[in-house]
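Here is a briefing on one protein model. Look over the sequence and structure first, then read the points by topic.

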Amino acid sequence: MSHRFTRRQFATATGAVALGVSALPAASAAANPVAAPVHRNFPRDFAWGTATSAYQIEGAVNEDGRGPSIWDAYAHTPGKIRDGSNADHAADHYRRYKEDIQLMKALGVNAYRFSIAWPRIFPQGTGAANPKGLDFYNRLVDELLANGIEPFATLYHWDLPQALQDRLGGWQSRDTAKAFGDYAGYVAQHLTDRVRNIFTINESATFIDFGYGAGPVEMAPGVKLPQAGLNQVRHHVALGHGLAVQAIRANGRAGTQVGPAENIVACVPAIETPANIRASEIATREMNGGYLTVILEGRYTDGFLAYAGKDAPVFTAEDLKIISSPVDFVGINVYMPQHYVVATEDASGFALVPFPSSFPRMESDWLRIGPEAMYWAPRNLAKVWNVENIYISENGTSAADQPDAGGKIHDLDRIMYLRNYLTQLQRATAEGVPVRGYFQWSLMDNFEWPDGYDKRFGLYHVDFATQKRSPKLSAEFYRAVVAANALV
Ligand code: GBH
């Protein structure tokens with residue numbers, strides 16, 4: 001069955017066919033209480049986009065002088081990726097970027113968040129730049145602009161040059177933060193004539209906890225550090241962010257907008273009473289102590305330092321100044337509520353409520369369904385730190401994505417998820433929370449890290465054998481939202 005009902009099928013379904021009339025009686029607009037929908041609009045000039053990252057879609061890992069990254073090494077280590085795959089070819093975006101920009105065009109989006117592969121630009125992490133690597137992003141950016149799509153570039157979406165891992169132990173070394181700053185400056189010099197918005201680092205919390213810690217999931221480089229080492233890595237990554245901000249200011253076109261893209265620890269009031277709302281604000285500050293708080297305040301909270309104790313990072317006052325270099329916006333990736341919070345009488349002022357085992361989840365085990373996170377995360381970011389420009393740098397879900405006989409994917413669960421999260425985002429913007437744009441994760445199915453190709457997050461289905469892209473029903477949903485600049 002096609003996803004488009006014919007009039008006749010619709011009439012059959014509603015029993016109206018025998019009557020030969022419309023299924024709905026003509027109602028007087030004035031008398032009918034459902035006759036006047038409230039348009040749930042988003043702000044004028046809202047950026048509607050999709051998001052991807054380099055290693056997850058590009059493929060072409062040996063093309064045009066790209067150096068190896070820690071994800072090449074990791075994915076090629078037997079047993080690390082659930083389906084035994086790697087991203088050598090991924091979605092072949094390196095060659096198909098023009099076609100992929102047409103997919104964006106079909107959605108009607110006006111923005112695109114992609115990431116730049118550091119090992120394409122500096123194959124050894126530092127030293128000589130590889131102009132052919134940069135050329136790919138020049139072509140991509142030019143093609144986006146020619147199609148009326150604003151490029152938002154991310155500098156680091158986890159694909160560290162392997163050379164820095166080998167030489168320095170990756171982010172265990174301060175020198176990696178410094179190398180990241182130099183790379184950021186180089187990119188700023190060459191791309192900010194056309195790229196006006198730059199995200200520094202994607203989800204510090206994720207790649208550090210899973211790449212260097214003992215999290216429930218393992219990611220590259222797959223090093224397991226004790227607490228003190230882990231806190232030092234956190235500090236170096238925050239420092240790398242700050243050095244990148246400074247390098248972009250120094251080398252980029254004046255007016256270039258810069259900020260992080262962090263997986264904010266979304267703290268949602270369990271019940272929206274004034275006391276619990278206050279508790280969720282306190283929790284937001286404490287639970288984001290390692291990244292957002294130090295970036296936005298220039299200090300580690302007393303709670304963070306007390307909790308870390310003897311394992312606290314070693315840092316200088318100068319480091320904190322660099323880390324808190326003023327940003328133009330804050331990007332937050334919002335997938336789920338990390339915590340529901342209630343107020344307490346004790347000194348901390350909040351408690352985290354344990355999740356019941358029956359709490360609903362999407363098709364990925366970790367993906368709890370809590371649309372209110374999409375209201376409270378930006379609302380608390382604005383409330384706690386007076387952030388004036390917020391982007392939702394990612395939001396989306398995997399789904400089972402079973403095709404029907406004609407090959408069409410009716411991903412009603414993804415539509416349900418997106419509609420509910422966007423409803424909460426509209427609640428936020430309608431109240432004046434300064435969210436400037438939203439990037440749906442993801443444009444198309446891609447390499448989902450340790451889950452390989454098992455988990456599909458795209459609005460477009462990708463057949464990885466043929467590289468054919470096909471819109472899922474959710475692509476039509478998203479296109480309708482973007483076209484209306486409102487919930488549909
Ligand atoms: C984002 O991470 C990434 O930025 C993106 O590259 C990725 O493709 C996308 O989301 C979908 O996953 O310890 O149980 O939480 C989202 C946050 C954090 C979700 C790590 C997966 C691992 C399992 N991710 N988490 S769990």
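Glu150 touches Asn110, Ala111, Tyr112, Arg196 and Asn197, leaving aside residues up to four places away in sequence. The model is predicted. Glu150 sits in strand E3, which covers residues 150-156.

**Glu150 and its pocket**

- Glu150 has a relative accessible area of 18%. The cut-off for buried is under 20%, so Glu150 counts as buried.
- Glu150 also helps line the second largest pocket.
- That pocket has a volume of about 190 Å³.
- Its lining holds 16 residues. Those nearest the pocket centre are Glu150, Phe152, Arg196, Asn197 and Tyr391.
- Arg196 and Asn197 thus appear twice: they are in touch with Glu150, and they lie among the residues nearest the pocket centre.
- By residue class, the lining of the second largest pocket splits into 7 nonpolar, 4 polar and 5 charged.

**Ala90 in its loop**

- Ala90 belongs to the loop that runs between helix H3 (70-75) and helix H4 (93-107).
- Is Ala90 buried or exposed? Ala90 is buried, because its relative accessible area is 4%, and the limit for buried is under 20%.
- Beyond its neighbours within four places in sequence, Ala90 contacts Tyr55, Gln56, Ile57, Glu58 and Gly59. Ala90 is also in contact with Tyr453, Phe464 and Gln467.
- Ala54 is 36 residues from Ala90 in sequence. In space, the two C-alpha atoms are 9.7 Å apart.

**The three-stranded sheet**

- An open sheet of 3 strands follows the order E6-E8-E9. Its pairing is mixed.
- Which strands form the edges? They are strand E6 (267-269) and strand E9 (350-353), and each pairs on one side only.
- From one strand to the next, the twist averages 45°.
- Strand E8 spans residues 339-343 and runs antiparallel to E9. The two are joined by 4 bridges.
- Val342 has Ala351, in E9, as its bridge partner.

**The helix on the sheet**

- Helix H11 (residues 274-287) packs on this sheet.
- H11 touches E6, E8 and E9.
- The direction of H11 makes about 125° with that of E8.

Conventions. Residues are numbered from 1 along each chain as its sequence is written. This is a predicted model: local features need pLDDT of at least 70, side-chain atom pairs count only at pLDDT 80 or more; totals for chains, interfaces and linings use all residues. Side-chain values use heavy atoms; hydrogens and water are left out. On a 1 Å grid over the protein atoms alone, a cavity is a set of points where a 1.4 Å probe fits but cannot get out, and a pocket is an open set with protein on both sides within 12 Å along at least five of seven lines; lining residues have an atom within 4 Å of a point. Grid points are joined across faces, edges and corners, and a volume is the space filled by probe spheres set on the points. Ala, Val, Leu, Ile, Met, Phe, Trp, Tyr, Cys and Pro count as nonpolar, Asp, Glu, Lys and Arg as charged, and the others, Gly among them, as polar. Buried means under 20% relative accessible area, exposed over 50%, partly exposed in between (1.4 Å probe, protein chains only). Contact means heavy atoms within 4.5 Å. Two strands pair if DSSP finds at least two bridges between them. Axes are lines fitted to C-alpha atoms, for helices over the stretch in contact, and angles run from 0 to 180 degrees between N-to-C directions.
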